[in-house]
2 protein chains.
Amino acid sequence: MAPKPLDYESLNENVKKVAYAVRGELYLRASELQKEGKKIIFTNVGNPHALGQKPLTFPRQVIALCQAPFLIDDPNVETIFPADAIARAKHYLSMTSGGLGAYSDSRGLPGIRKEIAEFIEKRDGYPSDPGLIFLTGGASKGIMQILHTIIRNGRDGILVPVPQYPLYSATISLYGGSLVPYYLEEEANWGLDLNNVKQSVAAARSKGIIVRAMVIINPGNPTGQCLSESNLREILSFCYQENLVLLADEVYQQNIYQDERPFISARKLGLMVNPPKPGDISYLKYAAESKAVLDSLRRRAHLMTDGFNSCRNVVCNFTQGAMYSFPQIRLPPKAIEAAKKAGKLPDVFYCLKLLEATGISTVPGSGFGQKEGVFHLRTTILPSEEDMPAIMASFKKFNDDFMNQYDYKTHSRM
Amino acid sequence: MAPKPLDYESLNENVKKVAYAVRGELYLRASELQKEGKKIIFTNVGNPHALGQKPLTFPRQVIALCQAPFLIDDPNVETIFPADAIARAKHYLSMTSGGLGAYSDSRGLPGIRKEIAEFIEKRDGYPSDPGLIFLTGGASKGIMQILHTIIRNGRDGILVPVPQYPLYSATISLYGGSLVPYYLEEEANWGLDLNNVKQSVAAARSKGIIVRAMVIINPGNPTGQCLSESNLREILSFCYQENLVLLADEVYQQNIYQDERPFISARKLGLMVNPPKPGDISYLKYAAESKAVLDSLRRRAHLMTDGFNSCRNVVCNFTQGAMYSFPQIRLPPKAIEAAKKAGKLPDVFYCLKLLEATGISTVPGSGFGQKEGVFHLRTTILPSEEDMPAIMASFKKFNDDFMNQYDYKTHSRM
């Protein structure tokens, strides 16, 4: 029989190398268990609405009106839409020719890019040029596009923090480049030590890699830290000296859960750039909804960090920003041995056991990168506040049982 | 001074090779002229809403309600939304967990894929498996994804019709594959002659190319023809024998402007798969809107083809489907010479002159591919019916002047 025209053997090798842990083995097993009727708590992807967070009202009103512009001419429109949402929809529609169903300029609508430039200008205090702003279909597509443009072959290297969000490792594999890892310092609250970066660059260059760009993720994913201003300045001058493109992933800039270390941009575009202002009809509702979401996430960040830190052999930095908690699990040698026997990485083994026992669907740290012999898991902080105590209790019970089974003497905390 | 970390020299070579004529030199010049105050008729991209076509009411009502699900609970919702749109929005929202702002399964929502499978089953009369249906962010992304998966290196060849939509040539360049062209027969109303395909395959193989897939575009873009059933059967058995992946681009399956040659699918997914049915509240309005759009496009297809065929040295097949007209312009030797002096391809030269004289923004045939020494342009058939006579008169006058300037004796028609 002839081989199939397209089978695993004949796929592009780079496509085969792509691994995406947040949708990987753990997620697939969780989906199976769900089909079998088990209640699963999906904390593998940062998916707040799937876990009950309600969308903000004003932006959705505006989008609905832009999608169905004939509503604006309906004499009853004001019975269900506030006047400022109607005015805003008219404003955005006036920027298009033909509404949301028409192709726009490839870079995005000029009017929207102008508003983003104004937002950046206001945020950073420096002018911003709309001509240099490109809108993409989600952050991932933008990252993929710029990496595709930079990477010419396997000798081109991209500096990526470890732990990292696996979009970076996946995209660099897909386009056949070389990932040059630099480690974040867990002991320093996942801080970025430029000496690590310099060592990584030197090691890569000694292997003939041309280091071309540096990725920073701020606030960190999965690590949740905010970079300090002095750290950012160091990074910028390092990139300038070494002639590197700086790729700053700042998608979580509005998800900050403490006041000591505010988010500071390395200069990129922002989200939700033009919300209702004080005095607007929808302002109070919008402000209350946003505050409620962020306040609740802040409380959940504390509940989760504290919960993890109360568990045996678990240690966890506080989630300063983003939507994730990334506890270290100090796996005892017996557990590592059992994992090996089962043909699993130790953290995958732990996370699978956690899933089977509790329905909590997390992502093993190996999907993000971690130092040799150190193990983590990533969970979102998104389950509802009411559910959180039960989830953390369930985790604690599982972890106790696991440690009782594999750890005959208590390990010292890190 | 150090070189910039990213400049034209250091870009990925495949990215540099990407050319996209529908957004190319002609489009950029048209945008400039528009900024200078000239009235431009943009017929370079198939962008119906930008040229005044109104969106269909029912789908937009449903999308608006899905975007802003709190509207469904508003006591006044029925004053501006019909009950069947509300019911449909509830139906789609029930398929999601967390609404449109939540990540779904990577392949798309299972419920939507099930409806698409039902549509295909009804359309083709054969069962369809939702598990084999993948939703993508637009047709282009789907095409890019499958080509990326197939193409391993420059020895992998993809059969592409010429003329083709430049997405194919651009994507094959981007992923470093080889485009294997097969010519459509203009004299046979842009029909596909399998002998041409076989010759192309043989020629490619003799150069060491591994031909892996065959693209068909049905209805054709820019050529507008529908493939006959017998032609499709030939193609399918050819792909089977030669072990080729068949990539059937059928995005325009509902844009058909004649009854003799109905659209027949080579088995792929469809658009707008679940419109209101007879008896539904919104059915009459939906059916009337759809019919009005298609009837008007059918009249415009005739106006445009007839208009082109009444022009000196211009010959044009009828647009059986899709949204484009692709007339051949028989450029006289003097015009070809003048183009050469101006450093332009002959069809680019003609289209630029047309743009400057009339504001009609078209795309030169060289962007889609054409036989050596034969020249075309592509225009959409989308300008409004009222504007069409003036546009065609303006084209005719320009073409007369052009031919008077460059063609001292009348050429025979093809």
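This report describes a predicted model of two protein chains, A and B, with attention to their interface and to selected local features.

## Relation between the two chains

Two copies of a chain are related by a rotation about an axis and a shift along it. In this model, a turn of 180° with a shift of 0.0 Å along the axis lays chain A on chain B, and the RMSD is 0.0 Å. This is the relation of a two-fold axis. The residue of chain A that comes closest to the rotation axis is A:Ala64, whose C-alpha lies at 2.0 Å.

The two copies meet through the same surface, because 100% of the interface residues of chain A are also interface residues in chain B.

## The interface

The contact draws 53 residues from chain A and 53 residues from chain B. Between them the chains bury about 4400 Å², and 58% of this area is on carbon and sulfur atoms. On the side of chain A, the residues that lose the most area to chain B are A:Arg60, A:Gln67 and A:Ile80, which together account for 14% of what that side buries.

With respect to specific interactions, the rule finds zero salt bridges across the interface of chain A and chain B. Twelve residue pairs are found in polar contact across the interface, both residues of each pair being at pLDDT 80 or more. Several helices of chain A contribute to the side that touches chain B: helix H3 (57-67), helix H4 (77-80) and helix H7 (139-150) each supply at least two residues. The largest share, seven residues, comes from H3(A). By residue class, the side of chain A that touches chain B divides into 28 nonpolar, 18 polar and seven charged residues.

## Helix H3 of chain A

Helix H3(A) is largely enclosed by the rest of the structure, because ten of its eleven residues are buried. The buried residues are A:Thr57, A:Phe58, A:Pro59, A:Arg60, A:Gln61, A:Val62, A:Ala64, A:Leu65, A:Cys66 and A:Gln67. Among them is A:Ala64, the residue of chain A that comes closest to the rotation axis. A:Arg60 and A:Gln67 also appear in this list, and both belong to the group that loses the most area to chain B.

The cover over the buried residues of H3(A) comes from both chains. It includes H4, helix H5 (83-95) and H11 of chain A, together with helix H3 (57-67) of chain B.

## The surroundings of A:Ser265

A:Ser265 is found in the loop between strand S5 (245-249) and helix H11 (283-309) of chain A. Its relative accessible area is 15%, and A:Ser265 is therefore buried, the cut-off being under 20%.

The side chain of A:Ser265 makes two polar contacts described here. One is with the side chain of A:Arg123, at 2.8 Å, and another is with the side chain of A:Glu250, at 2.7 Å. When residues up to four places away in sequence are not counted, A:Ser265 touches A:Arg123, A:Asp124 and A:Glu250.

## Cis peptide bonds

In chain A, a cis peptide bond with omega of about 5° joins A:Val162 and A:Pro163. A:Pro163 is placed in the loop between strand S2 (156-162) and helix H8 (167-174) of chain A.

In chain B, the peptide bond from B:Asn218 to B:Pro219 is cis, and its omega is near -5°. B:Pro219 is placed in the loop between strand S4 (210-217) and helix H10 (229-242) of chain B.

## Asparagines with positive phi

A:Asn313 is not a glycine, yet its phi is positive, at about 65°. This residue is placed in the loop between H11 and strand S6 (314-315) of chain A. With a relative accessibility of 2%, A:Asn313 counts as buried.

B:Asn189, likewise not a glycine, has a positive phi of about 55°. B:Asn189 lies in the loop between strand S3 (178-183) and helix H9 (194-206) of chain B. At 27% relative accessibility, B:Asn189 counts as partly exposed.

## A buried position in helix H6 of chain B

B:Ile116 lies in helix H6 of chain B, which comprises residues 110-124. Its relative accessibility is 6%, and B:Ile116 counts as buried. Between B:Ile116 and B:Ser97 there are 19 Å in space, C-alpha to C-alpha, and the two are 19 residues apart in sequence.

Terms used
Residues numbered from 1 in each chain as written. Chains lettered and ligands numbered in written order. Predicted model: local features only at pLDDT ≥ 70, side-chain atom pairs only at ≥ 80, totals over all residues. Heavy atoms only, no water. Contact = heavy atoms within 4.5 Å. Buried area = accessible area lost by both parts, 1.4 Å probe. Salt bridge = Lys/Arg side-chain N within 4 Å of Asp/Glu carboxyl O. Polar contact = N/O pair within 3.5 Å; in protein donor to acceptor, adjacent residues only side chain to side chain. Helix = DSSP H or I, 4+ residues; strand = E, 2+ residues; numbered from the N terminus. Nonpolar A, V, L, I, M, F, W, Y, C, P; charged D, E, K, R; others polar. Buried < 20%, exposed > 50% of the residue type's maximum accessible area, 1.4 Å probe, protein only. Least-squares fit on C-alpha atoms with pLDDT ≥ 70 in both.
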